[in-house]
Amino acid sequence: MSDAPHILVVDDHREIRDAVTRYLEKNGMRAQSAKNAAEMDAALKLGRFDLVILDVMMPGEDGLSAARRLSAAGGPPILMLSALSEETDRIIGLEIGADDYLPKPFNPRELLARVKAILRRAERAQPLAGALGGRKLAFAGWVLDTDTRDLLREADGEAVSLTTAEFRLLTAFLERPRFVLSREQLLDITSGRTADVFDRTIDNQVSRLRRKIEADPAHPQIIITVRAGGYSLAADVREVS
C-alpha cells in the first residue's frame, strides 16, 4: 500500500471530502483530506502527494488562488472541482496550471478515471522538462535551467518566475526550435489532453509567456504566430554550462 498513489482531497464540505477519500481508498489509493487551503499547505509540508483534488469555492483562500500557488511552486498535479458550470471558470483553472477540471455533481467513477489519467500523464512527464531534464538552455537572450526551472535574462541575470504550465510550454518549444506546433500538438505535449472547439488554453498560455520573455509582447519575435499553423520558437537553442 505504501507504493499506492497518495491523494490529497481539499474541500470545505465534509461529506464530499469524506466520500471521495473513502472511494479512493476503496480503489487502492492512499487518501488524506483537508477542509481549506491552510490545511492543504500544512499537509503538503508534512507529506508527499501525487495529486491534489482541489475545490474551487472554499472559505478563505479559494481553490483558484491555491492552484496558482501550487503550480508556480512546481507542486503536484491538480484536479479542480467546482459547482460552477461557467466555461470561463474552467478555462481559468486550466490556464493557471490545473491538469483537469470536473464539475459538481460528479460520478465517482468519472472522478477515479480522471485521477488515474492524470497520474499516468504525470508519470510519463517526469521530470517536467522531459528529454531536456538536467540541462541549461540558452535562447534569444534567456537561459533556462530545466532542473531548477529558473529562467534568467543573459544580459543582467534577472530572474523570471514561471508557472508549471508556462514551464511545460516553454520546454515544448525549446525541444522543437523553429518547428511549427499546432495548438492541438502543444496541448497534447503539455497536458496530454485534446482541445475543445473553443479551447483557448494554449493561446492564453502563449500570451502570458510572451509577456515574460518578449521585449514587445504585442509584436513577438521569440514565439511567433504562424497563420493557420500555430506557434513556433523563432530562435536557436544551445546548451550552456
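Me: Before reading the packing of two helices, which distance between heavy atoms defines contact?

Reply: Contact means heavy atoms within 4.5 Å. In this predicted model, A37, M40, D41 and L44 of helix α2 meet A66, R69 and L70 of helix α3. The residues of this contact comprise five nonpolar and two charged, with no polar ones.

Me: How is the geometry of such a pair described?

Reply: Two packed helices are described by the angle between their axes and by the distance between those axes. Here, the axes of α2 (residues 37-46) and α3 (residues 63-72) come within 11 Å and cross at roughly 25°. Angles under 35 degrees count as roughly parallel, and α2 and α3 are therefore roughly parallel to each other.

Me: Is the crossing of α2 and α3 left-handed or right-handed?

Reply: The crossing in which α2 passes α3 is right-handed.

Me: Turning to the sheet, what is the order of its strands?

Reply: The sheet is open and has five strands in the order β9-β8-β7-β6-β12, with antiparallel pairing. At the edges stand β9 (159-160) and β12 (238-240); each has a single partner strand, so one side of each lacks a neighbour in the sheet.

Me: How many bridges join β6 and β12?

Reply: Strand β6 (residues 136-139) pairs with β12 over three bridges, in the antiparallel sense. A138 lies opposite R238 of β12.

Me: Which helix packs on the sheet?

Reply: Helix α6 (residues 164-174) packs there, touching β6, β7 (142-145) and β8 (150-153). The direction of α6 makes about 110° with that of β7.

Conventions
Residues are numbered from 1 along each chain as its sequence is written. This is a predicted model: local features need pLDDT of at least 70, side-chain atom pairs count only at pLDDT 80 or more; totals for chains, interfaces and linings use all residues. Side-chain values use heavy atoms; hydrogens and water are left out. Axes are lines fitted to C-alpha atoms, for helices over the stretch in contact, and angles run from 0 to 180 degrees between N-to-C directions. Helices (H or I, at least four residues) and strands (E, at least two) are DSSP runs, numbered from the N terminus. Angles under 35 degrees count as roughly parallel, over 145 as roughly antiparallel, 65 to 115 as roughly perpendicular and the rest as oblique. A crossing is left-handed if the near helix is turned anticlockwise from the far one by less than a right angle, and right-handed if clockwise. Ala, Val, Leu, Ile, Met, Phe, Trp, Tyr, Cys and Pro count as nonpolar, Asp, Glu, Lys and Arg as charged, and the others, Gly among them, as polar. Two strands pair if DSSP finds at least two bridges between them.
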